[in-house]
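Please load the model in a viewer and keep a selection prompt ready. The stops below are meant to be taken in order.

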Amino acid sequence: MLKALLKVNLLALLSWFSGSAKRGGKAGKGSKGKAVLYALLMLYALGVFCWLFGIIFRQLAGPLYNAGCGWLYFVYVFIVAFAVMFVFSVFAAKNRLYDAKDNDLLLSMPISPSVILASRMMLLLVMNVLFGAIVVGPAVYMWYCVVPFGTASLICLIAEFLGLCLFSLALSALFGWLLSLVSSRMRKKALIETLISFVFLAVYFYVYSQLNTIVASLIQNNAGIAESLGSVAPLYWIGSGAAGNAMSFVFAMLVLILPFAAVYVVLSRTFIKTATAKRGMAKIKYEAKEQKVSSVGKALFRKEAARFFSSSTCIVNNGLGVIFLTIGAVAMLIYRSKLLQVMNMIMIPADIVICMGVLAVVMMAGLVVPTSSSVSLEGKSIWVIQSMPASPVQVLLAKLKLCLALFLPSVLLCMLAIVFVFGASFELGALAVVAAVATVVVMAEIGLISNVNHPLLNWTSETQAVKSSVSILVSMFIDFGIAATLGIGGYLMLDNGVSVKTILAVLSVVMLLAARILYGYIIKKSAQKFAFLS
C-alpha cells in the first residue's frame, strides 16, 4: 500500500512541476509538447539558480580553505540549503499533511495512518532533496575545484545533506501545523498567506541586492565568524563532519536525524486526530443589511474580484506586476533628484527616457496577467457559470474588467511618475500614457483569448491553473514578444531619425486598433468557445 500511495503522490508532484494534467485517464491534447516545454523551462530555471549559488560559493571556497576554515564553508552551505528547503516546503507541508482534501477518504480505507503519513512525508522529502541539491550541488563542485578530492569527506557530506533534508522536513511539518492552526482561526486566510509570501519575496530581493556586500563581509570577517559559530557545538559538528571529521559526523547526524524521528513518532500517533480536527473558525457577527440589487455585469465583476482576493496564489502570482509598478512609481518620486543626476551623467535625452519608461512599464505589466488563468479557475464547476442567466460575453468581459481594474491604476501611476520626474511635455506625456495603457489592454485581451483557447479545467489545486497552464505560457511569450518588438522597432526607428513623438503616436494608434480588434474577437469567437467549454 505504501508503494501505491508513493506512486500516486510522485505522479502528482511530477504533474505539479510539469503542468501536465489528464482527462479521463488519457493524456490531454498537446500534453507531450507541453511537458517538453515545461521540462525545458524547469531545466533553465534550475540552471540559473545553480549558476547563482555556484558564483556565490566560488568566492567563499578559496579564502575559507586558505584560512583553515573549511568547516565554516559547509556551515554556510547548509544554512543556505536549509533556508531554501524550509521556505519552499513549509506551505507544502501545511497543505499535504494537514489540509489535504483526501484525508477523510484515505482514513476511511483499510490503510494505516502511519502509511498515509509516511507516503506524504516521503513526497515532501523528495521536494527537499530537489531544492537542497540546487544549493549543495554547485557548492560541492566549487569546493572540490579548490580542495583535493576526498572520498570519505564526500560520503560524509552526502549523508549529512540527506540528514539536513530530514531536519528541514521536521521543522516544515511543525511550522506547517502551526500555520494550519493559526489560519483556520482567522477570517482572512488569503491575506495572511499573501503577507507571508510577500515577506519572503522582500527578503529574497533584499538579500539578492546586497549579495556582493554580504559575500565580501563573510570573506573579510571569516576569523571572527568562525570563532562565534565555532562556539555553537551543533554547527561546528555539522561543518566539521561534512569536511570529513568522523567524530563530528556522528554527532551531526544525531543532531539532524533525531528531531525528525521525534516529529514523525508524534505525528504518526496523532495523525487521525490532527487530520480530522474541526478547528474553530473566527466567528462572524451577523449584521442586518438591506439587500441591494445590481446588474449582471456588476454581480459578475464582484464574483471575479471576490475569487481573486480570496486566493493568495492568485494575488502573489497575478498581482506581482501591480506591486512592482506601484513600488517603482513611489521609488521614482522619492529618488527623483538622484535619477536626474544619473540621467545627466550618462546624457540620455528626456524623451528617450520616456520611451524607455513605456517599454519598462509594459514589460512589468506583462509578467502574468490575471486573464490568462481566469477561465481555468472556474475548474470543473464551469457549468455553474454557464448555466446562470448571464451571456458568455458578460462573463468574459467581467474577467477582462477585473484585470484592467487591477492593472490600469498602477500603470497610470507609474507613467505619470515617469512623466513628472523626467519633465516631459504635455503632448509627449499624453502619448506615452496612451501607448502604455493601450498596450496593457491588448495584453489583457490576449491573456483572456489564450485562456479560452487553452483552458485547464481539471486541476486538483488552483496553483496548477495559475502557474501551470498552457495559456499562461502562451500569453507570457506573446506579451514579451510584443515588448521585444517594441524595443527593437523603437530602436531602429530612432536610429533612422524618427522622433519619439512619432514613435509613440504610431504605437498608440496600432495598439488602440489591436485592442478594438481583439475585443471584437472576444465578444464573438471567444464567447462562442466559452459557452461549450467543459
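Start in helix 20, which spans residues 426-453, and select Val-441 there. The model is a predicted one. Is Val-441 buried or exposed? Its relative accessible area is 16%, so Val-441 counts as buried, the cut-off being under 20%. Show what surrounds it: leaving out residues up to four places away in sequence, Val-441 touches Leu-404, Leu-408 and Ala-515. Put a distance label on the C-alpha atoms of Val-441 and Leu-408, and it should read 8.4 Å for two residues that are 33 apart in sequence.

Stay in helix 20 and select Thr-439, which is also found there. Thr-439 has a relative accessible area of 0% and is buried. Residues up to four places away in sequence again aside, the side to display is made of Val-362, Ile-482, Leu-486, Leu-507 and Met-511, which Thr-439 touches.

Next select Val-358, in helix 16 (residues 350-365). How buried is Val-358, in terms of relative accessibility? The value is 3%, so Val-358 is buried under the 20% cut-off. Beyond its neighbours within four places in sequence, Val-358 is in contact with Met-415, Ala-432, Ala-435, Ala-436, Leu-504 and Leu-507. Leu-507 is one of the residues in this list, and Thr-439 touches Leu-507 as well. For a distance label, take the C-alpha atoms of Val-358 and Gly-487: they lie 9.8 Å apart in space, with the two positions 129 residues apart in sequence numbering.

Before moving on, zoom out to the whole protein. It has 23 helices and 2 strands. Of its 534 residues, 43% count as buried. Of the contacts between residues at least 6 apart in sequence, 85% join residues at least 24 apart.

Now look for enclosed space. How many cavities of 30 Å³ or more does the structure hold? There are 2. The largest has a volume of about 100 Å³. To find it, select Glu-304, Phe-308, Pro-370, Ser-374 and Leu-402, which lie nearest its centre among the 13 residues that line it. Colouring by element helps here: helix 12 (296-309), helix 13 (312-318), helix 17 (371-374) and helix 19 (392-421) each give two or more residues to this lining. By class, the lining of the largest cavity is made up of 6 nonpolar, 4 polar and 3 charged residues.

For a charge over a ring, select Arg-336 and Phe-420. Arg-336 lies over the face of Phe-420, 4.5 Å from the ring centre.

The next stop is the aromatic rings. A pair of such rings is described by the distance of the centres and the angle of the planes. The structure holds 11 aromatic pairs. One of them joins Tyr-73 and Phe-74, with 5.4 Å centre to centre and 85° between the planes, an edge-to-face arrangement. Both Tyr-73 and Phe-74 are buried. A second pair to display is Phe-86 with Phe-175. Why is this pair edge-to-face? The ring centres are 5.3 Å apart and the planes stand at 85°, which is over the 60 degrees required, so the pair counts as edge-to-face. Phe-86 belongs to helix 3 (residues 70-98) and Phe-175 to helix 6 (residues 151-184), so the pair ties together parts that are 89 residues apart in sequence. The two partners differ in burial: Phe-86 is buried at 17% relative accessibility, whereas Phe-175 is partly exposed at 38%.

Return to Tyr-73 and Phe-74, and add Phe-57 and Trp-143 to the selection: these four form one aromatic cluster.

For the last stop, select Ala-226 in helix 9 (residues 222-230). Ala-226 is buried, at 11% relative accessibility. Its C-alpha atom is separated by 9.7 Å from that of Tyr-73, and the two residues are 153 apart along the chain. Residues up to four places away in sequence not counted, Ala-226 touches Cys-69, Trp-71 and Leu-72.

Notes
Residues numbered from 1 in each chain as written. Predicted model: local features only at pLDDT ≥ 70, side-chain atom pairs only at ≥ 80, totals over all residues. Heavy atoms only, no water. Phe/Tyr/Trp six-rings, centres within 6.5 Å; stacked < 30°, edge-to-face > 60°. Buried < 20%, exposed > 50% of the residue type's maximum accessible area, 1.4 Å probe, protein only. Helix = DSSP H or I, 4+ residues; strand = E, 2+ residues; numbered from the N terminus. Lys NZ or Arg CZ within 6 Å of the ring centre and 35° of its normal. 1 Å grid on protein atoms, 1.4 Å probe; cavity = no way out; pocket = protein on both sides within 12 Å on 5 of 7 lines; lining within 4 Å. Points joined across faces, edges and corners; volume = space filled by probe spheres on them. Nonpolar A, V, L, I, M, F, W, Y, C, P; charged D, E, K, R; others polar. Contact = heavy atoms within 4.5 Å.
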